[in-house]
Amino acid sequence: MSEASTPHAAARRELTTVQRNAVAELLRVSPVADELGRRFARAGHELHLVGGSVRDALLGRLGDDLDFCTDAQPEQTLRIIKGWAESIWETGREFGTIGCQRDGLRLEVTTFRAEAYDQVSRNPVVEYGTNLTDDLKRRDFTVNAMAVSLPDHRFTDPYGGLDDLAAKIIRTPGTPAESFGDDPLRMLRAARFAAQLCFAVHPDVRAAMVAMAADLDRITAERVRDEFTKLLCGADPITGLRLLVDTGLADRFLPELTGLKLTIDEHAQHKDVYEHTLTVVGNAVSYETDGCDFVLRMAALMHDVGKPATKAVGPDGRVSFHHHEVVGARLTKNRMKALRYPKDVTAQVTKLVGLHLRFYGYGRGEWTDSAVRRYVTDAGDLVDRLHKLTRSDCTTRNRRKAAQLAADYDALEERITRIAAEEDLARVRPDLDGNAIMELLGVPPGPVVGRAWQHLKELRLERGPLDRDEAEAELRRWAAEQGLS
């Protein structure tokens, strides 16, 4: 075997590639970064580009947010950057971080840390450190424990992060048990980096995640939510989700995902709901056009979580999950509330889960124009996402059935487009507004007007636009039935 084809030679080629990436990326930001480094040096302090910024530079994907560490205290950092930074913020000062902006770059400078943990919530308690090596040791993974000094560009990698980056491995600087014991959220971060970077988790790290999964219960819902959101929005969310389930981490904060495996029944043949769900998430990702759509991905993940609770096996052995979309919407709402997601995001995801079955039956020719109007009106501004979710949910291996479902949905979308062009479906309103209702019925503002408005809206959905005379006649007919005339 020639040297060029040995694994070591391949690894060296990978290292050469990542180092070239780093040079190119650092040259892009060096005018600002080196200038800042010189200011710290003149003040008698160190400055290092560190953590995710070094990792991303090596990967050739460094953004405009740069992280630095220094031996300077926050008040000293403030004195150094005042008059140089275009803007300054101190929101992270209690954690030793001062932020600023210069030439389109967002810079955060953090004093060397030697973190301790409160042993109850495991939230970090800030203690300032005195040297770079200790600061790097307390970081979560080796690929985030590298630094480049400024302005002289000395590379520091005491824990083999460069080798792990080339090998695409997630490993901890010390033992995984020590790292996760300090901060259990790092277990979830390992899964997040697997999803974001498409890296493999080292077997020792994986084993510690299994053994220590219950420690995640000590972490606040908000911190768990933020890491999970980043995982689901990663380039490869499926890998991250599998890791959560296989290590038991999902049981701690998203048991509905693990619960999908409970629907598997070797005697009652039906689709593996867990594997189907992961496929739907992957399909949803393929429909995105402008970065991660968290609402769509989360709806894809949760769309079938109501199936375990609604599973029934009939006398003929066929499996059914009647009304699982209703149960699933309720479970989704409760879970997202527990994870402290914003109410508007929760409402959007919950609505999509509740509507994801509405399309089925369209191909049997049962839908009137009224049904199409209601479909669009009920979805509201989520109709485009509902289109994507419904298409993503088609995972059958039967090519004929898949082609028929796709054709049916194409036909529905074309029909929606036609009706929308004729009737402005995006803003379905009764043909008479509140003022007209009050004038015709001779009533003041109040519940009667609301009921009349709702009746006219139902007519609008059922029959399409009415002309003025028809609408007034219908209103008078309704008022007579209500004993109002």
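# Worked exercises: salt bridges, a cavity and a buried acid

Asp152 counts as partly exposed, because its relative accessibility is 45% (buried is under 20%, exposed over 50%, partly exposed in between; 1.4 Å probe, protein chains only). The model is predicted: local features need pLDDT of at least 70, side-chain atom pairs count only at pLDDT 80 or more, and totals for chains, interfaces and linings use all residues. Residues are numbered from 1 along each chain as its sequence is written, and side-chain values use heavy atoms, without hydrogens or water.

**Exercise 1.** Find the salt-bridge partner of Asp152 and classify the exposure of that partner.

*Solution.*
- Step 1: Asp152 forms a salt bridge with Arg154 (a side-chain nitrogen of Lys or Arg within 4 Å of a carboxyl oxygen of Asp or Glu).
- Step 2: The closest N and O atoms of Asp152 and Arg154 are 2.8 Å apart.
- Step 3: Arg154 is partly exposed, because its relative accessibility is 47%.

**Exercise 2.** Describe the salt bridge between Glu90 and Arg93, then give the total for the structure.

*Solution.*
- Step 1: The side chains of Glu90 and Arg93 come together at 2.8 Å, N to O, in a salt bridge.
- Step 2: Glu90 has a relative accessible area of 38%, so Glu90 is partly exposed.
- Step 3: Arg93 stands at 33%, so Arg93 is partly exposed too.
- Step 4: The structure holds 27 salt bridges.

**Exercise 3.** Place the salt bridge of Asp217 and Arg252 in the chain, and name the members of the network that includes Asp140.

*Solution.*
- Step 1: Asp217 and Arg252 meet in a salt bridge through their side chains, at 2.6 Å from N to O.
- Step 2: This pair links distant parts of the chain, 35 residues apart.
- Step 3: Asp217 sits in the loop between helix H8 (203–212) and helix H9 (221–232), while Arg252 belongs to helix H11 (residues 249–253). Helices (H or I, at least four residues) and strands (E, at least two) are DSSP runs, numbered from the N terminus.
- Step 4: Asp217 is partly exposed, because its relative accessible area is 43%. Arg252 is partly exposed, because its value is 38%.
- Step 5: Asp140, Arg189, Arg192 and Glu227 are joined into one network by salt bridges that share partners.

**Exercise 4.** Which residues line the largest cavity?

*Solution.*
- Step 1: The count is one cavity of 30 Å³ or more (on a 1 Å grid over the protein atoms alone, points where a 1.4 Å probe fits but cannot get out; lining residues have an atom within 4 Å of a point).
- Step 2: The volume of the largest cavity is about 50 Å³ (the space filled by probe spheres set on the points).
- Step 3: Its lining consists of Leu26, Val29, Ser30, Ala33, Asp34, Leu49, Val148, Leu150 and His153.
- Step 4: Helix H1 (residues 7–42) supplies the largest share of this lining, five residues.

**Exercise 5.** Is Asp34 buried or exposed, and what does Asp34 touch?

*Solution.*
- Step 1: Asp34 is found in helix H1 and is one of the cavity-lining residues.
- Step 2: Asp34 is buried, yet has no salt bridge.
- Step 3: Arg38 is the nearest side chain of opposite charge, 5.0 Å away.
- Step 4: Beyond four places in sequence, Asp34 touches Leu150, Pro151 and His153 (heavy atoms within 4.5 Å).

**Exercise 6.** Locate Arg106 and list its contacts.

*Solution.*
- Step 1: Arg106 lies in strand S5 (residues 105–111).
- Step 2: Arg106 is partly exposed, because its relative accessible area is 39%.
- Step 3: With neighbours within four places set aside, Arg106 contacts Asp64, Asp65, Leu66, Trp89, Cys100 and Gln101.
- Step 4: Asp64 is 42 residues from Arg106 along the chain, but their C-alpha atoms are 6.1 Å apart.

Technical notes. 1 Å grid on protein atoms, 1.4 Å probe; cavity = no way out; pocket = protein on both sides within 12 Å on 5 of 7 lines; lining within 4 Å. Lys, Arg positive; Asp, Glu negative; His and termini not counted.
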